[in-house]
Every structure is written in structure tokens, then in C-alpha cells.
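Reader: I should like to take a close look at a single part of this model. Please explain in formal terms what encloses that part and how its surroundings are built.

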Amino acid sequence: MEEVFNLFHGFAVVLQPYNLLVMLLGIVLGVMIGVLPGLGGANGVAILLPLTFSMSPTSAIIMLSCIYWGSLFGGAITSVLFNIPGEPWSVATTFDGHPMAQNGRAGEALTAAFTSSFVGALFAVVVITFVAPLVALFALQFGPAEKFAIFFLAFCSFIGMGKEPPAKTITSMMIGFALAAVGLDSVTGQLRLTFGFTELLNGFDFLIAVIGLFGIGEILLTVEEGLSLRGRAAGINLKVVLQTWAELPRYWITSLRSCLIGCWMGISPAGATPASFMSYGIAKRASRRGDNFGKGEIEGVIAPETAAHAAGTSALLPMLSLGVPGSPTAAVLLGGLLIWGLQPGPLLFVEQKEFVWGLIASMYLGNLVGLAVVLTCVPLFAAILRIPFTIIAPIILVFCAIGAYSVHNSTFDVILMLVFGVVGYVLKKCNYPLAPLVLAIVLGDRAEEAFRQSLLGSQGSIAVFWSNGLVGGIMALGLIALFWPLIHQGSARLRAQRASPTP
Amino acid sequence: MALDNSTNDVSPRRDGGPDQRVMEIGVSLVTALFGAVVLVGSLQVGIGWGAEGPRPGFFPFYIGLLIIGSSAVNLVQMGLTDRRSGFADWSQLRQVLLVFVPTAIYVVSILYVGMYLSSTVLIAVFMLWIGKYHWSLTAVISIGTSIVIYLMFEKWFLVPLPKGPLEELLYL
């Protein structure tokens, strides 16, 4: 029960007036980021990260994580009202959310979406509260080989679980590793891969990559699609909210299932987007009204929203306890830790109690505040989306440039951001996933360090990665994740032989 | 958002544009080239085993090999497919350029005139030229945004942004 005691201590930290103010600011900014096209959780947090340089780490992480929660909430608004997913993980929410809005049930759909998001997040936070300290305690005994095995598992899951072709995921990821390797070698202190350019001494900062790939790249994609915004009115009032809340407990099985799917997908770094699709698909198959899915079924809103939020939140579990982020946004938060001078990893739970438990307490409170904010302010946020793109696009571009500049106070970084933007646009058009690239830039140095230290310990023999049960087990899990599509195909073929050929 | 452009197989093109297959082959060649650059850079600093363990190029060398290998797989997969689809219409690409070119000019101009002036001009250009707004609204929003940014970054969060001759004139 030490966790409960620590948690209360965390609440005491969060309930300081300044931290509450920062939390509210974070939520509002986050919802705006989630609503605006071209700004997502990852690059929104990246752009606003420099704002926190003058704050204490605890206030800073509260603000940034609240931006993250806010952006998770915001995605639902655009999906339901405008049929435009503000975030990739809200795509599945459009399937039933928008038809509901078209039938004049927008308020119901939004209430269901927000409430399910809250439930999903809450479930994940409870999991974090009780599981993360145990994982951290366990991970304290990890040597370099185990650490590398964890990285290996994280990256293999990306390759195996992603919906993009595996070879493209590998290309994208390895480009990230290569970019991370540029500059000073952290082990020997030698320069490498700079080819004489002094600008590359410090390597590529992942924040610049995030702002360019996700921010600029996304705007270019949005422009190409051409934006026609014809939204539904957002009628939401207390009566609709209460009516929907009275109806929701009926779907507790869907909720619980989606929570579990979300947590699983969030912790293994598959992320919120596949979690929402998977949860939607399973709910459709399991529901008695499955045939009505896609025509405005409330269960079709609950399932993906719950899973997306559970995944988005639980992505912080491995980040906190192992130092391996489960999603690009968690990766940006992890980068924030490094900037504030904290060493991510299991030691955080020992050395930075106030920080960790303040963050966890802020997850409880932040999601509650977020729910209240979005329920009361939907029309306001929907109005943001009605601002014409010719006004909002240059403002987003300006904020991207400011964000990129203020990371190192360098104008070279702004140019680099633009280059990353073009690269992101082309890669996305060619169906390369961008998240592994960013994660590899963030984790590259630490993965390499773990790899080289393990080899040092074993005098260069790679047998060190299966020298004991623990490291061997993690590596085996990684291989299973890597070849998951093949395993899945095999088992599907077996099932198809037994059952009728149509799914 | 271009979520999945692999599903529309033979979409009727509206006014032509680069071919998806050609683009993808180009991308895989570029990534392979990038991998080769990484290999060269790794070889320069040594990929073997030194006095203090693996040399700095040890890890990137294998990364470079993996980039070249996976690029080759992508290339072969693209070469084998006979699926034809457009990468983007010329009209779409024109729109992308309409945003990209001002942004590129904006980024370079930050070096010379600072963040505030160039941001004001960028917003104004978008609103007047693409959005066709009245100049009065344009002035309010473009100058207003810069003032808000100034107050938020320099005053509240104490993050200095690059300044140019205009700011020097105003003693900011």
C-alpha cells in the first residue's frame, strides 16, 4: 500500500495553485492542438516543450502531459462533428460518431466519446499506479544486456504490429537510428558521421524531427487534400449528458474489453491507433447489434475511444518504469525528462519520487479536469475548427518555427525542420510509418550504449543476449513480435480450415 | 489526411501527376543512398574492435547495412507490383507548393529579419494572397499574433526569439 501513500503525496504536489493553473492551461492548449488539423499530440508537445524550460520539472511534466490528455480528448470533437479525425487514433471514432451527429445525436456521441475516453484513461492510470513501481523495481536489476533486450522488444513490436509493410518500417526505423548516431559518440567521445559539418556536432535533435515530420509534413498533406469543413452543430447540454451517462453502464463489457486492449497495445508500443481499430473491430463482432455498426451505434464510439485513451495513457508506463516510450508523444515527454536533467528509467521511482508521483496524480486529476472542460466547452472548440485554413495554417507554421528555434536557440534547426517536413510528406505519401523513425532518434543512443556495454561485458560474443533466462525470454518475446504477422497468418489459416471460409 | 492510398487501385486521374510507383522507387533509391553514406561515415571512424571495446562506427555500420537491405526489399517489391496509381495530382502538388514556397522563404527570412517581422509577413501573405481577405483584418491578425507571441514567449515564459533590425529600432 506504499503506492497509495505516495499517490496522496503526489496529489499534494498537484493541488498547489500554480500546478493547477498549469494543468488547466495544458488541457485547454491540448484540446486546441487535438482539434486543429496539422497539429497532433507529439508535435504539439514538442512545440510547447521550450515553454517549460523555466519551470520546475514537476510543473513542466504536468503541463506537457495535460497537453497530451487534452489532445486525446480533442481528436474526438472533430471526428464526431466534422468527420475529420483530428488525430490518427480518432479515425475509428468517425465510423459511428459522425453518423450519430448526422442523425441529430451529436451531443450523445460526444458525451459517450468523452466519457469513454475518461474511463479508458482512468483504467490505465490505475494500472500505472500499481504496476509501474513493480516493473521499475524489477527493472532495477537489469544489466546492459536486459536493457538492450527491452529496446529490441520495443522496436520489434513496431515492425511486427504496424500496418505498414515491415521492410518500410525497418527502413524508417534505421534512418532514425542513423540520425541518432550522428555527432559525438556517447561512449568514446569521438565525432562520427558529421562529414565536417560543425552544425552536426550535436547530432539531430528529435524535437526538430517531430516538429518537421509531424507538423510541417502534416500541413502539407492537409493542404493537398483541400479542406472543406462542413460541421454538424454541437448540441450538448446537461440533460443529454445525464441521459447518455444513464445509458453507458449497459455497455460495461465493451468498455472493460476496450480498456484491456488499450492497455496491452499501449504498453507494448503498438500505440493508440491500432488499439482503437482493434477494439472497434472486436466490438463489432461481439455486439448483438454488430450489423448496425457504421450507421451510428453508440457502442461503436465507446469501443475505439476507450481503447485509444487507455493505450495513450498506458504508453507512459514503460516510459516511466523502463525509459522506453510506448508512443511518439511519450517519446517527446521522455525527451523532456532528459532536457530537465532527469535520467529516465527505473531509478526515477527511487530518486525522483515527487516528480513521478506528481505526474501520476496529475493523470487522475488532469483527465477529470479534461472531461469537465471538453463537456462544457465543445461549441467553443468546434468554433476553432471553423476558422478558415488560410488563417490557421500560417499561424501553425509560425508556431512550428518558434518551437524548432527555441529548442537550442538555433536558426539552423528551423531550416532542418523544413527539410524534415518535406521528408515526412514524401515518406507518409509512400506509406512509410514515421513513429518508429522518431522513436529511434530518441532511443538510438541509449540502445547503442546498452548494446556496446553488453558486448564489452561478454568480450564481443553476442551470446550474451541469451545468456540467462530473463534476457533470453525478452529477446524471444521480441522475435515473436517481429514475426507476429507470419504467426498470425498461420493461425488464421488453421482457423479458416476449421470454420467457414468467410469471416 | 492521406490514410491509405494503397487501397484505391486504378483511380481515374483528374489531370495527371507523378506516378506512385516511380515515386516509391525513387524514395527507396534515396534511402539506399543514405544507407551508403552511413556506411562510409562508419568506416571513417572504424567499425572494428578498439582498445575501449567496439569503435564508434561499429553500431552505425550495421544500421547502414540494414537501411540498404530494407531499401532493396522495398525496391524489389515496388518493381514487382504492376499496381498503378497516382502519387498526387498536379493540382494537388500545386497547392502543396503554394504553402511550401512561402514557408521556405519564411524560414530563410528568419535568419535576416528575425522571428517577429517574418512571422507577421507570412501570415499576411497567406491571408491576402491565398485567402483574399481584406487588408484591415489581415493587419489585425498578423500583427496581433506577433504581439501575442512576444508577450507569451519573451515576457511570460522567458524564451528569447531571434530579432532583426526592426526590433533593434523599437528597443525590444
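Author: The answer begins with one helix and then moves outward.

This is a predicted model, in which local features need pLDDT of at least 70 and side-chain atom pairs count only at pLDDT 80 or more, while totals for chains, interfaces and linings use all residues. Residues are numbered from 1 along each chain as its sequence is written, and chains are lettered from A and ligands numbered from 1 in the order in which they are written.

The part chosen is helix H3 of chain A, residues 41-48. Helices are DSSP runs of H or I with at least four residues, strands are runs of E with at least two, and both are numbered from the N terminus. Eight of the eight residues of H3(A) are buried, so the rest of the structure largely encloses this helix. A residue is buried if 20 or more other C-beta atoms, placed from the backbone, lie within 10 Å of its own; it is exposed if 12 or fewer do, and partly exposed in between. Among the buried residues of H3(A) are Ala42(A), Asn43(A) and Ala46(A).

The cover over H3(A) includes helices H2 (17-35), H4 (57-82), H9 (206-225), H15 (328-339) and H18 (389-408) of chain A. Val210(A) is in contact with Ala42(A), Asn43(A) and Ala46(A), and also with Pro328(A), Val332(A) and Val438(A), leaving aside its neighbours within four places in sequence. Two residues are in contact if their C-beta atoms, placed from the backbone, lie within 7 Å.

Val210(A) and Val438(A) have the most contacts inside the largest nonpolar core, which has 213 residues. A nonpolar core is a set of buried Ala, Val, Leu, Ile, Met, Phe, Trp, Tyr and Cys residues joined through C-beta atoms within 7 Å. Helix H6 (residues 106-139) of chain A gives the most to this core, with 17 residues.

H18(A), part of the cover over H3(A), also serves the contact between the chains, which takes 55 residues from chain A and 58 residues from chain B. H18(A) gives the most to the side of chain A that touches chain B, with 11 residues. By class, that side has 36 nonpolar, 10 polar and nine charged residues; Ala, Val, Leu, Ile, Met, Phe, Trp, Tyr, Cys and Pro count as nonpolar, Asp, Glu, Lys and Arg as charged, and the others, Gly among them, as polar.

Chain B itself has five helices and two strands, and buried residues make up 28% of its 172 residues.
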